[in-house]
Amino acid sequence: MATRVLGIGALVAVAGATAFALFGVPADLNQGEAQRIMYIHVASAWLAYLSFGVTAAASVWWLVRRDPRADAVALAGAEVGVLFTASTIWAGMMWGRPVWGTYWQWEDPRLTTTALLLALYVGYLLIRRLTDEPARRATRAAVVGLVAAIDIPIVHFSVVWWRGLHQGPTFMSPDTILNPPAPGQFVAALLLMLGAFSLAWLWMMVNRYRLARLEWEAEESARRGRLPGLAAAVPAPRP
Amino acid sequence: MIDLGTIGDLAFVVAAYGVILGGTGLYALTLARRLRGARQTRSTPASDQPRPSDPPIDRRA
């Protein structure tokens with residue numbers, strides 16, 4: 001019931017934040033309408049970071065405790081993170097074309113490291129399919145999840161460490177909420193979008209976690225022969 | 001000739017949002033369906049699960 005309320009709330013919040021970002025705030029003086037893409041681009045990027053951070057933390061949890069819940073959290077973070085990273089890249093390309101004159105530039109460190117981040121976590125999801133034995137799969141995935149997490153700070157600080165097309169970090173500037181400083185309406189639209197997307201992120205994380213737990217249970221039950229149909233489909237664990 | 005507008009105008013921005021929101025919505029719907037399916041499988045008694053020895057279902061009939 002609580003998840004359903006969360007889902008409905010997320011839907012309403014995303015619709016409201018989108019309407020405000022597209023039609024409520026004025027267009028930027030320099031970039032015009034294209035600047036509105038910033039709201040969804042930055043919100044997606046932060047939730048991608050958060051998702052992969054959750055995967056990394058859950059990977060440590062699995063390696064230390066061997067708790068199946070940790071593997072389910074890690075999987076949820078990776079899958080939802082891939083969705084938000086793809087959204088970030090898409091929004092960035094759509095913003096870049098009118099502002100930079102190009103959809104993509106491989107020489108830009110932020111763009112390239114973000115593409116690498118997407119590839120790493122798609123790889124994480126693919127590696128999970130290499131074995132049907134849940135514990136072995138979780139251990140392999142946890143190692144990959146931790147190695148892939150090294151790219152998160154590289155993506156974030158790439159705009160500080162190297163020169164490229166991309167602007168500096170939007171958040172975490174020492175003296176302003178937004179960098180470059182922006183009118184209050186722009187900040188409000190961004191925070192609203194971030195809040196709305198966070199609700200949607202939470203709903204997806206909770207449901208993906210639940211699905212992963214059910215899948216794990218089904219695999220374990222099949223191994224013990226409680227579900228004969230599934231038992232035939234899942235190979236016996238190796239000695 | 002259809003005027004598709006200019007790259008960077010509001011229609012372009014709305015389309016960019018549409019792809020992200022559409023993709024996210026599609027993922028959410030798929031996730032909800034997968035979760036419902038997994039719950040139904042879990043609540044189905046073992047005796048009702050398909051067995052390897054069961055004959056294949058002839059869907060042409």
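This text walks through a predicted model of chains A and B, from one helix of chain A to a helix pair and then to the contact between the chains.

A starting point is helix α3 of chain A, which runs over residues 68-100 and so has 33 residues. From the first C-alpha to the last, α3(A) reaches 46 Å, close to the 48 Å expected at 1.5 Å a residue. Of its 33 residues, 25 are buried, so α3(A) is largely enclosed by the rest of the structure. A residue counts as buried here when 20 or more other C-beta atoms lie within 10 Å of its own. After α3(A) comes A:Gly101, with a positive phi near 90°.

Further along chain A are helix α4 (residues 109-127) and helix α5 (residues 134-149), which pack with their axes 9 Å apart and at an angle of about 175°. Angles over 145 degrees count as roughly antiparallel, and α4(A) is therefore roughly antiparallel to α5(A). On the α4(A) side the contact involves A:Leu120, A:Tyr121, A:Gly123, A:Tyr124 and A:Ile127. These meet A:Arg140, A:Ala141, A:Val144, A:Gly145 and A:Ala148 of α5(A). By class, this contact has 7 nonpolar, 2 polar and 1 charged residues.

Chain B has 61 residues, of which 8% are buried. Its secondary structure comes to 1 helix and 0 strands. The contact between the chains takes 28 residues from chain B and 32 residues from chain A. On the side of chain B that touches chain A, 18 residues are nonpolar, 5 are polar and 5 are charged.

Conventions. Residues are numbered from 1 along each chain as its sequence is written. Chains are lettered from A and ligands numbered from 1 in the order in which they are written. This is a predicted model: local features need pLDDT of at least 70, side-chain atom pairs count only at pLDDT 80 or more; totals for chains, interfaces and linings use all residues. Helices (H or I, at least four residues) and strands (E, at least two) are DSSP runs, numbered from the N terminus. A residue is buried if 20 or more other C-beta atoms lie within 10 Å of its own, exposed if 12 or fewer, and partly exposed in between; C-beta atoms are placed from the backbone. The expected span of a helix is 1.5 Å times one less than its number of residues. Two residues are in contact if their C-beta atoms, placed from the backbone, lie within 7 Å. Ala, Val, Leu, Ile, Met, Phe, Trp, Tyr, Cys and Pro count as nonpolar, Asp, Glu, Lys and Arg as charged, and the others, Gly among them, as polar. Axes are lines fitted to C-alpha atoms, for helices over the stretch in contact, and angles run from 0 to 180 degrees between N-to-C directions. Angles under 35 degrees count as roughly parallel, over 145 as roughly antiparallel, 65 to 115 as roughly perpendicular and the rest as oblique.
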